[in-house]
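Reader: I would like to learn how to read a helix, a barrel and the cysteines in a model. Please take them one at a time.

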Amino acid sequence: MVEILAQITQKKAQEIAQKGFDLGFDIPKDRIHPLITPHFDDIFLIAEIKRASPSNAHIGEINAPCALAGAYLNGGASAISVLCEEAHFKGSLADLMAVKNAYPNACILRKDFIQYKQEVGVSYRAGADMLLLIVAMFIDEKNGFRDFKAIYDECLKYGITPLVEVHTQDEIDFIAPLKPLLVGVNARSLHTFEIDIITACTLRKALPHSKVIFESGIHSPSSAFMVGSFDFDGLLCGSYLVAHENPTSAIQALKSALRLGKAQKPSFYQYIFALWKQREACAHKPYKPLIKICGITNLDDALCVAGESIGGGVDMLGFILVKQSPRFIESRHIKDIAKALKKCYPHILCVAVVNDKHSLNEAKALYQQGFIHGIQLHGLSKLEPAQFANICLKEALFCFYGVQNIATLEDFNPHYEGAFCLVDSQSAQGGGSGKSIQFDVLSKLKERYLCIAGGINEKNIKDFLALCPAMLDINSGIESSAGKKDKHKLQALLESVATICAPTPHTKHI
């Protein structure tokens, strides 16, 4: 999957050289239908007609693109994206013209790999109202900005709305002089086609003056809710909608979830993702991981742990709502602790740990009342990674992450729901054992944001840090007895982390 973008653009250039800018299609000499300007007074959802991609291969036949477009519009789609690249995505300008002819008053985006300004006029005459412009195609070219600006200006000349697609901060800096109205942040690298939702989410704050659309990686209302918490103005969604049995209802659910995330603006994902990107950027490796101290059972321990400042201290406290656990804590005590933490240490995230439907419902009540920031789901099924306690996580409109208990590499399922997942050791009780996962297993996990629990203490912390984890979840390793934290053990562990890792300041809540 290396350098797919180069392959696509080279093939497209060859087709233009052979067939011309109309790619052999019968394009009207003059535009037939009125130009539709996109409106951003509500969630702007772009629903895509896409048959295939280099990452997913065949997605759907779509023998009737106009019927699919109609289902999208019935669901409240703000615009219809038509993939027009043929070699890798099985699309064409014929699809775009057919959809525009069927729905002349709909806003239609030509999604393609536009390289020349002459393609803008062709797009206009074919009926496109919007045009995707991919910065990654130009940023490393000798006259890249000049050529990109020429295409961008040509769009404005015709009245077409350019959707400027970026993937990195460098690409955002590249387009800054243009001050574009509409920007799409694509979570999928067009060089490797790998998805990094966490990086894409954190780029939103770098575009304060644009309407910003999130592209790729949206496969559920839950993921739309997460994106909404970063205040994205809309989504561009393709594969999920094409494969859905009811795309009309799917669009309605996505818009509702994104709207809820924007309204609530929960700080959980914002804090964690920003912290990871900040620390990932450190020149010194290993960088300090996010530190979570779990199994808090009383106010004294909570304030002691939260107030520890060595090496930047800790970031999260975990409260176990599982009654069978020796570290179980009642909801009413969590409320008291949360109130004190909010007053004294507002940067600390509070997480409820659950393992069944009953404890999840307790945690959701605490979440809705503002006493916790997120929920840790202990014991995701290997066979049903999107299910927890008979609840579909794809529909979960709250902040969460799951836990997988593993002993071998084969125990881990990489196709889980959520932006990241915590791995813990196995026990007969189904939860963590307090023992470490074998380091050779951890080192082989292909997780960019590796989150680890199980048997972490001051004596072995160096070995865990060598794995460059994104998060360490620490519990029994800093206790004097079950449920009682030991200040001296915590300080010794944090001193070791501070010695090994680069110091970084706390990320403030947004």
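Author: The turns below take the helix, then the barrel, then the cysteines. This is a predicted model, in which local features need pLDDT of at least 70 and side-chain atom pairs count only at pLDDT 80 or more, while totals for chains, interfaces and linings use all residues. Residues are numbered from 1 along each chain as its sequence is written, and side-chain values use heavy atoms, with hydrogens and water left out.

Reader: Which residues of α1 are buried?

Author: An α-helix has 3.6 residues a turn, so residues three or four places apart point the same way. In α1 (residues 4-19), the buried residues are I4, L5, I8, T9, K12, E15 and I16. Buried means under 20% relative accessible area, exposed over 50%, partly exposed in between (1.4 Å probe, protein chains only). The buried residues of α1 lie within an arc of 125° seen down the axis, so they line one face; the arc is that of the directions from the helix axis to the C-beta atoms. Q10, A17 and Q18, on the other side, are exposed.

Reader: How many strands form the closed barrel?

Author: Eight, with parallel pairing, in the order β11-β12-β13-β14-β17-β18-β19-β20. Two strands pair if DSSP finds at least two bridges between them. Strands β14 and β17 have four bridges, and Q376 stands opposite Y401 in β17.

Reader: Why is C84 in no disulfide?

Author: A disulfide is a pair of cysteine sulfur atoms within 2.5 Å. The closest cysteine sulfur to that of C84 is in C66, 13 Å away, which is too far for a bond. The whole structure has zero disulfides.

Key:
Helix = DSSP H or I, 4+ residues; strand = E, 2+ residues; numbered from the N terminus. Expected span 1.5 Å × (residues − 1).
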